[in-house]
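Morning, everyone. Please look at the screen while I talk through this one.

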Amino acid sequence: RLIHARFPRLLLCLSTNGLVLSDALPELLDAGFHLTVTVNTRSVVCAGHVYRAVGGSADAGHGSLSLRQQEGVAKAAEAGLTVKINTVVIPGVNTGEIEEIACWAARAGAAVMNLMPLIPQAGFRDNEPPSQALLDALRARARVHIPQFTHCRQCRADAVGVPGEMNCIGCL
């Protein structure tokens, strides 16, 4: 709130996994945030693999996370917040789910989706990142359901301004 009061034209974006998004929504609305919600899978099996690979438990409680993400994104979109969905593309792990995630994101009210290539590290250090051809193909299939944000080049910085209207901080 203090930053927004001092710099009212500055666009603030909060990145979250969405687990407590519904609970925090009143404060986010009051502070004037845009949202980025990371959704790498909608599958309990895939979630167990992803969370185990990044140092978590195979029993990641994904069913609860998935429901809470859906509820939070829907409530945020209904309240008028701009919601971007980030999905890390992990070849051989979640590539078969990208279109399903895109469809879900559109139904939940997200405005745009950002497919980001895996940066091989931690439990995924031996995985190859997706090729540009694979990213292009996945974006084409996802674009049928929700607009695609294609400015990012693995910098993980959020956008300066409104996605699609300005460049990524790391790309300036």
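Confidence is highest in helix 6, residues 132–143, at a mean of 97. The lowest is helix 3, residues 44–53, at a mean of 75. Those are pLDDT scores, and this is a predicted model. The protein averages 82. Of the residues, 80% score at least 70. Now look at residues 156–172. There pLDDT stays under 50. The model still gives that stretch 34 contacts beyond four places in sequence. Please read those contacts with that score in view.

Next, the layout. The protein has six helices and four strands. Start at the N terminus and the order is α-β-α-β-α-α-β-α-β-α. The protein has 172 residues, and 38% of them count as buried. Take the contacts between residues at least 6 apart in sequence. Of these, 62% join residues at least 24 apart.

On to the sheet. How do the four strands line up? They form an open sheet, in the order 1-2-3-4, and the pairing is parallel. Strand 1, residues 12–16, is one edge, and strand 4, residues 112–117, is the other. Each edge strand pairs on one side only. From one strand to the next, the twist averages 25°. A general reminder: strands of a sheet pair through backbone hydrogen bonds, parallel or antiparallel.

Zoom in on strands 1 and 2. Strand 2 covers residues 33–38. Five bridges join it to strand 1, in the parallel sense. Which residue stands opposite L14? That is L35, in strand 2.

Two helices to point out here. Helix 2, residues 21–31, lies across strands 1 and 2. Its direction is about 150° to strand 2. Helix 5, residues 98–108, lies across strand 3 and strand 4. Helix 5 runs at about 170° to strand 3, which is residues 83–89.

Now some side chains. Where does the charged end of K84 sit? It sits over the ring of F149, 4.9 Å from the ring centre. What about aromatic pairs? A search of the whole structure finds zero.

Three single residues to finish. First on my list, L2. You will find L2 in helix 1, residues 2–6. Is L2 buried or exposed? Exposed, because its relative accessibility is 75% and the cut-off for exposed is over 50%. L2 and A31 are 29 residues apart in sequence. In space they are 8.4 Å apart, C-alpha to C-alpha.

Next, G92. This glycine is in the loop between strand 3 and helix 5. G92 counts as exposed, because its relative accessibility is 75%. G92 and P130 are 38 residues apart in sequence. Their C-alpha atoms are 9.4 Å apart in space.

Last, A122. This alanine lies in the loop between strand 4 and helix 6. What is its phi? Near 50°, a positive value in a residue other than glycine. Why does A122 count as partly exposed? Because its relative accessibility is 47%, and partly exposed falls between 20% and 50%.

To recap: one open parallel sheet of four strands, six helices, and a stretch at 156–172 where pLDDT stays under 50. That is my part. Over to you for questions.

Notes: Residues are numbered from 1 along each chain as its sequence is written. Side-chain values use heavy atoms; hydrogens and water are left out. Rings of Phe, Tyr and Trp (its six-membered ring) pair if their centres lie within 6.5 Å; planes under 30 degrees apart count as stacked, over 60 as edge-to-face and the rest as tilted. A charge sits over a ring if NZ of Lys or CZ of Arg is within 6 Å of the ring centre and within 35 degrees of the ring normal. Two strands pair if DSSP finds at least two bridges between them. Helices (H or I, at least four residues) and strands (E, at least two) are DSSP runs, numbered from the N terminus. Axes are lines fitted to C-alpha atoms, for helices over the stretch in contact, and angles run from 0 to 180 degrees between N-to-C directions. Contact means heavy atoms within 4.5 Å. pLDDT is the predictor's confidence in each residue, from 0 to 100. Buried means under 20% relative accessible area, exposed over 50%, partly exposed in between (1.4 Å probe, protein chains only).
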